[in-house]
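Here's a quick tour of the strands in this model, with a stop at one loop residue along the way. Have the structure open while you read.

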Amino acid sequence: MPREQRAVARYTAPAPLRPSRPTALAVRRAAGSTPAITITWRAGARTARSAITVVTTDGRRLLFTARAGRLTVPGLSPRLVREVRVVGLRADGATGPAAVTRAVVGGTR
């Protein structure tokens, strides 16, 4: 004779937390005689790597991934950079909110 089964409780695990927004985003002219920019940031919590998108004034979108909080893009003058966006990525590819800096002109900001 089988026993009666009763549902006593139910549990649903919360979704994994998303990476937090990167901070201290800065874009500067890289040192040296060739045109290049250096992008630095502090990765947010729960970030395995970062996706960096650089939008230029001529319409190009350059996409990079990095584990460290620093990236140098050779051959790109700071005057051509319109927007830089850094997004934290979890190990499974889920994204968090983006840190954005706009209108980088003259190599500083």
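## Ground rules

First, a bit of vocabulary: buried means under 20% relative accessible area, exposed means over 50%, and partly exposed is in between, using a 1.4 Å probe and protein chains only. This is a predicted model, where local features need pLDDT of at least 70, side-chain atom pairs count only at pLDDT 80 or more, and totals for chains, interfaces and linings use all residues. Residues are numbered from 1 along each chain as its sequence is written, and side-chain values use heavy atoms, with hydrogens and water left out.

## Arg 60 in its loop

Look for Arg 60 in the loop between S3 and S4. Arg 60 is partly exposed, with a relative accessible area of 38%. Its side chain makes a polar contact with the side chain of Asp 58, at 3.3 Å. (A polar contact is a pair of N or O atoms within 3.5 Å; within protein, one must be able to donate a hydrogen and the other to accept it, and residues adjacent in sequence count only if both atoms are side-chain atoms.)

Leaving aside residues up to four places away in sequence, Arg 60 touches Val 54, Val 55, Leu 76 and Leu 80, where contact means heavy atoms within 4.5 Å. Val 86 sits 26 residues from Arg 60 along the chain, and the C-alpha atoms of the two are 16 Å apart.

## The four-stranded sheet

Strands here are DSSP runs (E, at least two residues), numbered from the N terminus, and two of them pair if DSSP finds at least two bridges between them. One open sheet has four strands in the order S4-S3-S6-S7, with antiparallel pairing. Strand S4 (61-66) and strand S7 (95-102) are at the edges with a single partner strand each, so one side of each has no neighbour in the sheet.

Within this sheet, S3 (residues 49-56) pairs with S4 in the antiparallel sense over six bridges, and Val 54 stands opposite Leu 62 in S4.

## S1, S2 and S5

Strand S1 (residues 23-29) runs antiparallel to S2, joined by five bridges. The two form a hairpin with six residues between them, and Gly 32 in the turn has a positive phi of about 120°.

S2 (residues 36-42) is mostly covered, with six of its seven residues buried. S2 also pairs with S5 (residues 70-74), antiparallel over five bridges. Thr 38 shows up in both pairings: Thr 38 in S2 is the bridge partner of Arg 28, and Thr 72 in S5 is the bridge partner of Thr 38.
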